[in-house]
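This note is offered to a colleague meeting the structure for the first time. Please read the points below with the model in view.

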Amino acid sequence: MNAKKRLWNQIQPAANTGPDQFTKVRIFHSFSLFSVGCSIEKTMVCSRLCLSLSQKVLLVLWYFLGQKRAEDLNNQVFLFFAIIGILDVVAELASNYYISFPDSNCEIAAMLATTIFYLLQALLPFTVICYIQTLHDNKIISAKKMFLSGVPTFILMGMILTNPFTEKLFYFDIPAGYMKGPWYMLMYYSALCHMAAALILIVIWRKKLGYRKVKVLLEILLISGAGVVIQLLYHPLLTTGFGMSLGILALFITINNPHANIDTLTGLYNHLYLVRKSNELISAEKSFHIITVYLYQLRHINKIAGVQGGNSILKLTARKLGEMCGKKAFRTTGKRFMILTGSLEEYEYYLTQLKRMFDGNSKLNVNNKIITVPVIISGIMNAQKLGDSGLILEYAEYLEALSAKSGLTEVIQDDHQTMNGFLYNKRVEQYLHKAITEDLFEIYYQPVYSTRKKCFITLEALSRLQHPELGWIAPDVFIQIAEKNHMIEQITDLQFSRVCRFLGENRYLMEHLLNVKVNLSSLDLMRNDCSRHFIRIMDAYKIPHNWIQFEITETVATEYNAGLRRVAEEFTAAGIGFCLDDFGSGYANLNTVMRLPFSVIKVDRSLLFDICRDEKRAIFYESVVETFHKMNYHIVSEGVETQEEMEQISSWGVDMIQGYYFSKPLPEKELLELLKKQDNIER
Ligand code: C2E
Ligand code: CA
Ligand code: CA
């Protein structure tokens, strides 16, 4: 007798015997096909529960589909999960109905519903695995690879499909009804293995997934696992479907909340989604291109048009971008919009349109006020080459930083050289970690010449770093990268200890030198116990406090004035000196700078430019020296390279000169030799 016939024979007598007889029919049902051994009333109650669950998931689906939602792999898998979930509940309902209320006309439908139900049950655990694979932040598994991880599931599904003929998994018999086949447990093993694999994935990727996602996933595994176990123990309770529906709901309100990917002000996709989308394209080895529109004067616009005006400009820009490129537009940070496209033609088209839109001095009408909105438009072709969404965003910032920010709209197109410059910086950044751990930095000392004493009277400690392949890295470059990545404090500590050790080992030097100047960055000054920290290091090497003078650039002195005062007072009380560095290179607020206890001012090399030929520049330099002298500051002229420059500034009464004319920065050994040569230094 074929399987179809046997199923029908099993159903038919049960229907004729009525509910009491029916309850005696023993059914060993797998996951959630609830027992035919329960009463019709119970069946009705459970069916209603089942229906109400499917309604809830349907509601979630309806809402999810109705919103502007992310269309990345994760959301697509979630959608698939929700659809499979609904179909599963419906199939469970149908399968249960046909078994509870058998009808000879529905023989094929009963067979179909049961098989579909098992197919969906087999598919669900695999969907959970796929779902987890789409959550890894920078190792999103491509759909192709994901498909491969489904091979065991597909084999099982093949077995379920052929089961009516093979009867290996289950079959129907008289009078026992539903019976286990010899490979029946395979369905359990498959579900258990998938759950275990899901758990292992969550544990291995816990850091990349982040606490929040791990928590949600574990909760879902726990709820659905408990649902399966409860239903196994007591068939009439439809807890498998219940657990799964709860899981889908939990995902909907946490990870797959459509609002999580939308920028609330503009309604465009946000940074989070751009990261996921670009990582996904990189994993799938697809090429894509990015255009950034950076409203670099937004802060200024907020000042003149108010925050509301600023917001209106952002909304207007978002609307224009949305109209132009629809779902390809993102707002990634407060001032930055991005367009992501997979087509080169589209990229060129958008770029041309944007140039036209923000042409020259683009003006927008905001609440009847005409406001100038200059932007920086930067284009990155084949952004996938950077290999990571984080790098793409950093590269966009790097490109923007290259612009002159002249107050007009500027367009910066990436090219080979710019990309190489950026990648060079990234290599430096990576090497800095190693250099800090292994203390690979060196210190060179540049002697500073006294115009009055006619000898070197102080030194500036300058960091040096050599890369095995890139060679010497310019300090400006690695210091800036270290500052950006919060590594500067560790570098300062290493270097400061080194300076103290050097001075401790060559104490005689300080009989002829006033002090050694050490550069401090803003982050060094912002650390909690700044003054106590550096004093502790000096004390550890038994270095008198007046041997050190800290240099702070005018930008740092201006921007951190309030916090700096307290630290500066603590340093001054301990006898440590302060020097204002790079005067004239930025926009120092002299009023606030003068409130800090500087005794020395270093005039930046940029002010020296052309002083021997340009009278105006010469007058300016001379008056700077004169003014600071009147205020009792000592002046150091930085970057003096020629005799002509040296003679000119000496005639203006500059106290000290630091420059290649007298000496370049030197390693310890050469410095000691140079100083020894000076008549006034003896051991
Ligand atoms: P800075 O503090 O203004 O240091 C003086 C810079 O001018 C040094 O560049 C020095 O080599 C250079 N210089 C001196 N005389 C001349 C000259 O006659 N001509 C020219 N063209 N340049 C001259 P360096 O060593 O490349 O350092 C660059 C900057 O990197 C420094 O500028 C300082 O801001 C920063 N830096 C270096 N080492 C450290 C450090 O250990 N900590 C911190 N926070 N910054 C450092
Ligand atoms: Ca300096
Ligand atoms: Ca300087």
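The numbered points concern internal cavities, cysteines and one residue pair.

1. The model is predicted, and the values in this note should be read accordingly.

2. A search of the whole structure yields three cavities of 30 Å³ or more. The second largest cavity holds about 70 Å³ of space.

3. Which residues line the second largest cavity? The lining consists of Phe81, Val128, Tyr131, Ile132, Ile202, Leu217, Ile220, Leu221 and Leu251. Two helices, helix 4 (107-133) and helix 8 (206-233), each contribute at least two residues to this lining.

4. In character, the lining of the second largest cavity comprises nine nonpolar residues, with no polar and no charged residues. Tyrosine counts as nonpolar in this classification, so Tyr131 of the lining falls within that group.

5. The number of disulfides comes to zero, the rule being a pair of cysteine sulfur atoms within 2.5 Å. As to individual cysteines, cysteine 130 is buried because its relative accessibility of 8% lies under the 20% limit. Cysteine 612, at a relative accessible area of 23%, is partly exposed, because this value lies between the limits of 20% and 50%.

6. Is isoleucine 304 buried or exposed? Isoleucine 304 belongs to helix 11 (residues 298-325). Its relative accessibility is 53%, and isoleucine 304 is therefore classed as exposed, the cut-off being over 50%.

7. Isoleucine 304 may also be viewed together with isoleucine 371: the two are 67 residues apart in sequence, and their C-alpha atoms are 9.0 Å apart in space.

Conventions
Residues are numbered from 1 along each chain as its sequence is written. Chains are lettered from A and ligands numbered from 1 in the order in which they are written. This is a predicted model: local features need pLDDT of at least 70, side-chain atom pairs count only at pLDDT 80 or more; totals for chains, interfaces and linings use all residues. Side-chain values use heavy atoms; hydrogens and water are left out. On a 1 Å grid over the protein atoms alone, a cavity is a set of points where a 1.4 Å probe fits but cannot get out, and a pocket is an open set with protein on both sides within 12 Å along at least five of seven lines; lining residues have an atom within 4 Å of a point. Grid points are joined across faces, edges and corners, and a volume is the space filled by probe spheres set on the points. Helices (H or I, at least four residues) and strands (E, at least two) are DSSP runs, numbered from the N terminus. Buried means under 20% relative accessible area, exposed over 50%, partly exposed in between (1.4 Å probe, protein chains only).
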